[in-house]
Amino acid sequence: SVIVRGGAYNGRDSVDFLALAEELVRSGHDEAGRELGELARTTFDHKDGRVQEAADGSGWVGYGEANIQLAKGRAPLAAAK
């Protein structure tokens with residue numbers, strides 16, 4: 001399916017635009033599918049991003065940065081002698 005119910009970080013439905021483009025081509029809408037496929041690689045490229053909400057709660061104002069996930073580093077290397 002190209003739509004995932006509740007698949008967005010905020011519980012809203014999400015659309016896999018690349019999968020939608022492939023379905024359009026498969027169903028005979030070649031030009032629309034190819035154009036959406038090109039747009040999906042740039043216009044909708046906010047995977048793992050977050051929508052930035054307006055401070056007054058009136059809606060979204062753009063895309064914000066995803067929360068950073070830190071990883072524990074490995075043990076230090078022994079110093080060369």
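The protein's secondary structure comes to two helices and four strands, where helices (H or I, at least four residues) and strands (E, at least two) are DSSP runs, numbered from the N terminus. Walk along from the N terminus and you meet them in the order β-β-α-α-β-β. Keep in mind that this is a predicted model, so local features need pLDDT of at least 70 and side-chain atom pairs count only at pLDDT 80 or more, while totals for chains, interfaces and linings use all residues. Residues are numbered from 1 along each chain as its sequence is written, and side-chain values use heavy atoms, leaving out hydrogens and water.

How much of the protein is buried? Of its 81 residues, 11% are buried; that word means under 20% relative accessible area, with exposed meaning over 50% and partly exposed anything in between (1.4 Å probe, protein chains only). The accessible surface comes to about 7100 Å², and carbon and sulfur atoms account for 52% of that. These areas come from the Shrake-Rupley method with a 1.4 Å probe, and for residues, only the protein chains shown count as cover. As for contacts (heavy atoms within 4.5 Å), take those between residues at least 6 apart in sequence: 9% of them join residues at least 24 apart.

Now for the helices. Just at the start of α1, a side-chain oxygen of Asp-16 reaches to within 3.2 Å of the backbone nitrogen of Leu-18. Helix α1 itself covers 17–26, and after it comes Gly-28, with a positive phi near 95°.

Helix α2 takes up residues 30–40, and its buried residues are Gly-33, Leu-36, Gly-37 and Ala-40. Looking down the axis of α2, you'd find these buried residues within an arc of 105°, so they line one face of the helix; the arc is that of the directions from the helix axis to the C-beta atoms. What do they pack against? The answer is α1. Turn to the face of α2 that points away from its buried side, and there sit the exposed residues Glu-31 and Glu-38.

Another residue of α2 is Glu-35, which counts as partly exposed because its relative accessibility is 48%. Its C-alpha atom is separated by 8.0 Å from that of Ala-21, a residue 14 places away along the chain.

That leaves the charged pairs. Side chains of opposite charge can pair when their charged atoms come close. A salt bridge here is a side-chain nitrogen of Lys or Arg within 4 Å of a carboxyl oxygen of Asp or Glu, and by this rule the count comes to three.

One of them joins the side chains of Arg-5 and Asp-13, at 2.7 Å from N to O. Arg-5 is exposed, at 66% relative accessibility, whereas Asp-13 is partly exposed, at 41%.

Another links Arg-26 with Glu-23, whose closest N and O atoms are 2.4 Å apart. Both residues lie in helix α1, three residues apart, or about one turn of the helix. Arg-26 counts as exposed at 61% relative accessibility, and Glu-23 as partly exposed at 36%.

Then there is the pair in helix α2: the side chains of Arg-34 and Glu-31 meet at 3.2 Å, N to O. Because they are three residues apart in α2, about one helical turn separates Arg-34 and Glu-31. An α-helix has 3.6 residues a turn, so residues three or four places apart point the same way. Arg-34 is partly exposed at 48% relative accessibility, while Glu-31 is exposed, with a relative accessible area of 51%.

Technical notes. Polar contact = N/O pair within 3.5 Å; in protein donor to acceptor, adjacent residues only side chain to side chain.
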